Amino acid sequence: MASYSKLSDLFPIQSQLDYDLEDATTQKEKANLVHQYLHKIDEKDDLIIPDFEEGLEWLNTDGPLSLRKELSGKVVVLDFFTYCCINCMHLLPDLHQLEQSYTIEDGLVVIGVHSAKFPNEKVLQNVRSAVLRYDITHPVVNDSDARLWQELEVSCWPTLVVLGPRGNLLFSLVGEGHREQLFLFTAAALNHYREQGLLKDHDVGIKLYRDSLPPSILSFPGKIAMDPSSKQLAIADTGHHRVLVVSHTGQLLHSIGGPSSGRRDGNLSEAQFNSPQGVFIKGDTVYVADTDNHLVRKINLSEGIVSTLAGIGVQGTDKEGGAPGPQQPISSPWDIVLGNAGGDVLWIAMAGTHQIWALFLEDGKLPKGSDSKKGTCVRFAGSGNEENRNNAYPHKAGLAQPSGLALALTEPWECLFIADSESSTIRSLSLKDGAVKHVVGGERDPLNLFAFGDVDGKGIDAKLQHPLGVSWDEGSSLLYVADSYNHKIKVVDPKTKQCRVLAGTGKAGNGLGPSFLESSLNEPGGLCLGEGGKLLYVADTNNHCIKVLDLETKTVSLFPIVVMQEVDSVLTTATSSTPVVRKLPKLPKSAPVLTMPSITVPSGQSVTLLLKLALPTGTKLTEEAPSFWSLSAEGNEWLLEGRAVTGSISDLSQPISIVSSIPASPASTDPTLTLDAWVYCCLSEGGACMMKAVSFKQPLLIGSTSLEGSVAVTLEHAF
């Protein structure tokens, strides 16, 4: 059996280079040192690493890759990562820029070696979703049992390992923040092996999974928030790099940013975001945690302006703060909530530095802190060490990638509840004295970040798996938790510290069952309450949708998002020749498709379709959402004179009459009319709203005899 090397064999050699580079003052000196180092490495034939295990699952490639075959003759950068890890996410822009600088033809290949922390991260479909969510375009291997990690003795996430064209160890970089060394080492290795004629320019069979996906209204929605006064919802459409504002019935009111990432303030139509997560809406103002831009943004809907409140647009490492917002570097803000600390303040879950920060919108003061002027952005809680450490002094407490915030203002709480994702706990942060306390999940050892699971129970006996969102119900004094990697929604009573499952099967899915526990979710990332605590809106992230849990009827429904805005095609109503602009939503897979018996129609006559629809018992049409029908004739567009005909549905007490004329000289004798209907309805007594759809296929047999008049047919369906 061949003997292979591990990272501990490389460290003694590379450590001398690292020391020498610290003393070098110019780029030329550094390049010469690395050049000499590579000559020294080449003299060693025993730094070959084992190949990828056979049978592993690969993403973004045509098939498995091998260090001995497809990757032979390449400089390979192995990125050992796990997709929950914020430090791993921080490396992705560096790797992306590296791939922009050097192509596969130049001899560079980046390989993501996914080595899971959580059980949920071992599942290929979940890794695939993460690859899409983070826009990873290089090959990724799902090493679910971390075999290569163990064989190389990798110790932490993230770790980069640079290999030469023989699959030989060259360099290793542990943790984030090594961009300069990464580019220096990679450039030197490419130059060195190109001069030796050992690089090859062959392709390795890149095939991006994202290119095969159909479009969707939402893409990996991260968070959702509601303004209780206007009942408008703000949705972080994270994968589309935009923020949506919709009515409580789902009608799209504003779309800001997207579809591509960017960083730009200004008018709503030109503003850009980069994977926004946290949102908070109050009146005409939406506050946004613009995560990958490392910014906090403000959307002023009445003025139509987006501005930056905090951050400089690049990842910061400062763990103290205290500068004016636009001058203060911050790191991966993940959630945001508006509160009060002597004046309005934005509480920020700063996932990148494992802390809670405050951005003062007015003069104020933190508990156990000094006065802060308006605009100041400063650390509130968390030492910056990634820990599960509770403490009466906020700066001595340790958090682990806080990702969700909920504000509880009333006695006896007066705190922020925190979804502390990497410790798999729910914590509380007192707004009276700054004390950080345990609520549920995790364990007592502050350094153990592996105390996760899926267990209902009390306090430390309850177990969660990477929770990302929390929402507080003041009326019932209950906390709702997005237990993301367990694919569940849980409810916590902070008084008794009891935690129990509310919804979800525990397996990733997208089913709407007859009950909460029979409905499935897929890594829900955020949630918020509405309708006075009657409804719970859930950002079902990997299902690219919003779901609504009716807490009274215990039913789950899909929240419809109705887009009424300019699109490429112009549709015409049957009752008017005035063009109207409407983007038709895609019929859901659950919509019945009813093929009707053929009817005979003489040429020159007309067909009258009588549409009769019956709503589910106990529901009524939603006035604020535009129910409508659409008539088409795919493949026989001449039948409708090349137009798509559409009309509104506002009353179902009488049949809706839709007339289509048959030309005297038809182009075909057996066309088919398709009538689709989208109906938005809500429970009559208030509560959950839903979208229903149906499609009718009406085949026609056009006779040769030309007659005047009309042939009527009834198209009937009960939802």
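**Exercise 1.** In this predicted model, work out whether Glu180 is buried or exposed, or in between, and which residue Glu180 meets in a salt bridge.

*Solution.* Start with accessibility: Glu180 has a relative accessible area of 44%. Partly exposed covers the range between under 20% (buried) and over 50% (exposed), so Glu180 is partly exposed. Next, look for the partner: Glu180 forms a salt bridge with Lys30, with the closest N and O atoms 2.9 Å apart. Now place both residues: Glu180 lies in helix α6 and Lys30 in helix α2 (residues 27–42), so the pair ties together parts that are 150 residues apart in sequence. Finally, check the partner's cover: Lys30 is buried, at 16%.

**Exercise 2.** Find the residue that forms a salt bridge with Asp94, and say which helices the pair ties together.

*Solution.* The partner is Arg179, and the closest N and O atoms are 3.8 Å apart. Asp94 sits in helix α3 (residues 86–101) and Arg179 in helix α6, so the link joins parts 85 residues apart in sequence. As for cover, Asp94 is buried, with a relative accessible area of 14%, whereas Arg179 is partly exposed at 35%.

**Exercise 3.** Give the strand order of the open sheet of five strands, and name its edge strands.

*Solution.* Reading across the sheet, the order is β11-β15-β14-β13-β12, with antiparallel pairing. The edges are β11 (266–267) and β12 (279–282), each of which pairs on one side only. Within the sheet, six bridges join β13 (residues 285–290) to β14 (residues 295–300). To pick out one of the contacts, take Ala289: its bridge partner in β14 is Val296.

Note on methods
Residues are numbered from 1 along each chain as its sequence is written. This is a predicted model: local features need pLDDT of at least 70, side-chain atom pairs count only at pLDDT 80 or more; totals for chains, interfaces and linings use all residues. Side-chain values use heavy atoms; hydrogens and water are left out. Two strands pair if DSSP finds at least two bridges between them. Helices (H or I, at least four residues) and strands (E, at least two) are DSSP runs, numbered from the N terminus. A salt bridge is a side-chain nitrogen of Lys or Arg within 4 Å of a carboxyl oxygen of Asp or Glu. Buried means under 20% relative accessible area, exposed over 50%, partly exposed in between (1.4 Å probe, protein chains only).
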